[in-house]
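The following report describes selected local features of one model, with attention to charged side chains, a strand pairing and backbone angles.

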Amino acid sequence: MKETILFELKANLKDLKLSAMVREIDVTLRQATDSGIGYDELLVDLTRLEIESRATNRLKRRVREAKFPLLKPLETFDLEAVPELDIRVFRELISCEYIREQRNVIFLGSSGTGKTHIATALGLEACKNNYRTRFVTCYGLVNELIEAREERDLQRLLKRYSRYDLLILDELGYIPFSKEGAELLFQVLAERYEKGSVMITTNLGFADWTQVFDDQTMTAALLDRLTHKARIVNCNWQSYRLKQSLESGNTIKKEEA
Ligand code: ADP
Ligand code: MG
C-alpha cells in the first residue's frame, strides 16, 4: 500500500475512533503481504481486532467502576468445598438471568461461608456481560449517603445508585446503623425496586433485620420489596476458613502419627 494512502487510511480510522485498527494496521498489512491473504480476510482480521479490543476495554471499565475489594473470579471458588450449594441455582446466577429479570439475590449465612467470595465472582460475571455493577459494603454505602446528604449532594448519589444494573450490598447486619442511615439505605433500595437487581450478603435471618433497621414498619416494607421474586440462597454450611483450619490440623496429626 502506498505511503500516502496508508496515511489517509490511518487518519480516517482515527477519525472514526477505530483505535485498535490504527494500532494494528501496519502489522496486519505486513502479515497479509507475507501470507498472501486477500483484502477481504485482512478486513475481517482488522475489524475483529477492533471488536476484541473494545470488549476488553469495556470489561476493564466495568470492573473498575464496580470497585470490587478483591478480584475473585469464579474459577477460584471451590464448589467441592460446598456440596450443599444447589448447582442449578448457581449456574442460573452465573448466567445473569436474574439481572435481565431485575430480580434480587440474598446470600444468607454465617461468617466465612464464602458469601462475599460468591458475590464478587458473580459481580465479575455481570461485568463480563456488560452490566453496570457496583460492589459496596452496607456500612460503606450508608456512610457515603450520610456524607452526600451533609454536602447537599444526596439526590445525585441516589440517582447514581439507581442506575446500576446490579448493586451488590455486602455485609448487611454486621454493623447496625443510625435511624438516618437506615432511612437512606431504604431510599436506595426503594428507588431500585423492580428497576435493577440487588445482591445482598448477610449473616442475619429475616426475623433479625429489625435489629439493624430499628424500625418495624420500615423493615417490613424493605423486606417485602427485597424478597419479592428474590432468589434466597441459604449458605448454612460450615465456614470455609474453619474447615481449612480443621483440615490442616488433621494433616499435622496424620503426619505426627
Ligand atoms: P463470608 O463473606 O461468608 O464471611 P468470605 O467470602 O469472606 O465469607 O470467605 C472467607 C474466606 O474463605 C475468603 O478468603 C474466601 O475466598 C474463602 N472461601 C470461602 N468459600 C470458598 C470456596 N468455596 N472456595 C474457595 N475459597 C473460599
Ligand atoms: Mg463477607
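A residue is called buried under 20% relative accessible area, exposed over 50% and partly exposed in between, with a 1.4 Å probe and protein chains only. This is a predicted model, in which local features need pLDDT of at least 70 and side-chain atom pairs count only at pLDDT 80 or more, while totals for chains, interfaces and linings use all residues. Residues are numbered from 1 along each chain as its sequence is written, and side-chain values use heavy atoms, with hydrogens and water left out.

**Salt bridges in helix 3**

The structure holds 15 salt bridges, a salt bridge being a side-chain nitrogen of Lys or Arg within 4 Å of a carboxyl oxygen of Asp or Glu. The table gives some that lie in helix 3, where helices (H or I, at least four residues) and strands (E, at least two) are DSSP runs numbered from the N terminus.

| Pair | N to O distance |
|---|---|
| R48 and D45 | 3.5 Å |
| E52 and R48 | 3.7 Å |
| R54 and E50 | 2.9 Å |

R48 and D45 are 3 residues apart in helix 3, about one turn of the helix, and E52 and R48 are 4 residues apart in that helix; D45, R48 and E52 are thereby linked in a network of salt bridges. R48 is partly exposed at 41% relative accessibility, as is D45 at 22%, and E52 is likewise partly exposed with a relative accessible area of 42%. In the pair formed by R54 and E50, which are 4 residues apart in helix 3, R54 is partly exposed at 41%, whereas E50 is buried at 5%.

**Strands 2 and 3**

Strand 2 (residues 133-137) is largely enclosed by the rest of the structure, because 4 of its 5 residues are buried. Strand 2 pairs with strand 3 (residues 166-172) in the parallel sense over 5 bridges, where pairing requires that DSSP finds at least two bridges between the two strands. T137 stands opposite D170 in strand 3.

**Positive phi values**

Most residues other than glycine have a negative phi. E171, which is found in strand 3, nevertheless has a positive phi of about 65° although it is not a glycine, and E171 is partly exposed with a relative accessible area of 33%. Q102, in the loop between helix 5 (97-100) and strand 1 (105-108), has a positive phi near 55° and is partly exposed at 36%.

Notes: Chains lettered and ligands numbered in written order.
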